[in-house]
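Student: I have a structure to read and some labels that I do not understand. Please go through them with me.

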Amino acid sequence: MILTEEQAIQIVKDNQTVCKSIKKARDYNKELSALINGDGFAEELINRIEHIESEDKAKARLKYARNIQDYFSRLLSPIQNIFSSAGGIVKFNIPNESQYKTFLDTISNIRDGKSLSKYIQDYWVNLYHSDPNGLIFIEYSTNEGLEIKPTYKNINCIRNYEPNGQVCEWVLFEPETEEDGTKEWRLVDDLTDWTIYQSGELYQVSTDETFTHPFGEVPSVIISDIIDIKNKIRLSPFDSIIGLSKEYARDQSIKTIYKFLNGFPTHWRYVTQCRACQGTSKKDNKSCPDCDGHGYYKKKDVTDMVTLPIPSNDGVKLAPDIAGYISPDLATWDQYTKELDILEKIAYNTHWGTNVQNATNETATGRFIDIQPVMNRLNSYADTAEFVEWKITELIANAVLPAKVKNESVSLIVYGRRFIIDSPDVILENYNKAKKDNANITILDRLFNEYLTSKYKNDPAWLREENIKASIEPYLHLSILETSTIFGTQEAKKKNYFQDWWNDNKKDIVTKSDESLKQKFESDYKQFKLENNDDSVQLGTIPNIQR
C-alpha cells in the first residue's frame, strides 16, 4: 500500500492508544518469552497457590524456582533437521555478473558474519515460538555504500500494522517522546519511510526525515504464519502446549522447594536432662543458666534436630538408643520426578505426534516411535522458514539490484525435505537388519546414504568424500568374503584393491568429478592386474549389481 500524506497522518491519529489485538499479542509474547527463554520467568509464571500454600512458601518458591529453558530446548531439537536435510534448491536469476556478485556478497554476510540462511536458522526459529506477532524488518543505510541488515522488531515496539498474509501493508512503530512532550512517529509503507511529529493535536510530516526506501514494499515479514482469527493475532507453534508447559513449570518449582524443605535428613536424639535444674528449666526461680532454660543440654541448633524425652522403663525405645536420622519422604520426591517426566512426554507427543523410545543399551540413542507425524510437522516448519527466507531474499534483491522489477522474483529457494531424524546408530541398525533380510539394493543404498548424512551432517566436506567413496567402491554392501563367494576371487581382489587405491587417490576428489574418479579406478585396477600377471578374468565380464 502506498499512502498519501493525509492517510499517513490519519493512521497515526487512529492509533493513539494500543489496540486490543496488539495488547493480546504483547501479553502472549510475555508469557511465551517467560516459558521458552526464561525472561521474567518467576514473576510471570510462579504465583501463590491459593488456600494451599502459605505466603512465606510462595515467596521462597518465587525466589528459587528454576526456569524451563531446558524443557523447550528438548522440544525444539528436531527442528534443526529442516536446515540439515538433503536435497533442496537455491537459484538466482541475475544475468549481470557484477550485480550477481554484489547480491551474493550481501546475503552471504547479512548480519554478524552470518549468511541469510544461517540468520534464519539462529534467530527465526526461536522467535517463531516466542514472539509470533513480531517482525523481521530490514533496515538499511547509505552512509558508506548500501548496507542492509535484517532486524528483529519485538511486538512491544510496534504500535500497529496491517497484515496481508505474512507481509504488511504498513507498519507503525511506537513513538519516541522528546523532553517537550513532542512525539516522533515512524510509519513505513510500500514506498515511503515516514517521520511524523505530533505536538498535542498538531501532526506534521518531517520532509527532512521522510524518504523513499528501495524495497518496493514494506520491508518486513511477520514472524508467524499461524493465525488466530478470533483474537486477530499470530500464534506460536507451541500454542497447544502452553497450559501443559505452565503446569510443568509450576510442578518443577514445587519440587525445588520440596528439596529445600525436606531434602536433608533430620537429626534426632534423646535429650540429656540438665543436672543443675533437674529438667525443670528453673534455678532459684530464674531461667537455668546451664541449659538456657530448656531443661536439657543443647549440643547443636535445635532447629536442625528433633529431640525426644527419654522414655520411662516400660516405654518403647527407638533404635539406636542414643540418636539417629529421619530420612526424607523419597517416595514423594520420586513421584514429583515421574510427574514431570509424564508432563514432558505429553507435551512432546502433543507437538510432534509421537514420543522417543528409549534405547536398549547405554551407547545407543532413542528413536521416534512413529516417524510420520514428525515428518509432517517438519514439513510445516520448512514451508514457513522457506517463505521467510525467500521473502527476505527478494526484499534484499529489490534494494541491491536497481534494474529489478520489484514484484518479479529472481530467486528460487526450496528447502530439502529428506529429513534424517534418526541418529546414526539407529540408521546403521536398520541398515544391518535390511542386509540380513536380503533387502534390494535400492533400499540398502537409501539407508546407507541416510547413515552418512546423519553421521556427517555437520561436516559437509567429509560427507561429500564419503558419498564419492561409496559411489566408486565395488559391491558396496558386500564384504570381501561375500563378494568372493558370489562373484569369485577376481572380483574379491578388486574390492580388496579399492581401499588402498582410495587412500592414494582421495586427495583428487577436490579437482576431479565422480565419473572421472570411477574411470581412473577402473584404469588403475586394470594396470594393477597386468603388473601382477593376473588376467584370468577380464574386467566388465561380471556385472556390478550394486549400482
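The questions below take up a few residues and helices in turn.

Tutor: This is a predicted model, in which local features need pLDDT of at least 70, side-chain atom pairs count only at pLDDT 80 or more, and totals for chains, interfaces and linings use all residues. Residues are numbered from 1 along each chain as its sequence is written, and side-chain values use heavy atoms, with hydrogens and water left out.

Student: Why is L62 called partly exposed?

Tutor: Buried means under 20% relative accessible area, exposed means over 50%, and partly exposed lies in between (1.4 Å probe, protein chains only). L62 has 35%, so L62 is partly exposed. L62 sits in helix α4 (residues 55-64); helices (H or I, at least four residues) and strands (E, at least two) are DSSP runs, numbered from the N terminus.

Student: What makes L412 partly exposed?

Tutor: The relative accessibility of L412 is 41%, so the label is partly exposed. L412 belongs to strand β21 (residues 411-414).

Student: Why is Y475 called buried, and N438 exposed?

Tutor: Y475 is at 1% relative accessibility and therefore counts as buried. N438 is at 68%, so N438 counts as exposed. Each lies in a loop: Y475 between α14 (460-472) and α15 (480-487), N438 between α12 (424-436) and α13 (441-455). Y475 has a positive phi of about 50° although it is not a glycine, and phi of N438 is positive too, near 60°.

Student: How do you know that the span of α17 agrees with what is expected?

Tutor: The expected span of a helix is 1.5 Å times one less than its number of residues. Helix α17 (residues 514-531) has 18 residues and should span 26 Å; its end C-alpha atoms are 26 Å apart, so the two agree.

Student: Which residues of α17 are buried, and what puts them on the same side?

Tutor: L517, F521, Y525 and K529 are buried in α17. They cover an arc of only 110° around the axis, so they are on the same side of α17. The arc is that of the directions from the helix axis to the C-beta atoms. On the other side of α17, Q519, K526 and E531 are exposed.

Student: What is the kink in α8, and where is it centred?

Tutor: The kink is about 35° and is centred on W124. The bend at a residue is the angle between axes fitted to the seven residues ending there and the seven starting there. W124 is among the buried residues of α8.
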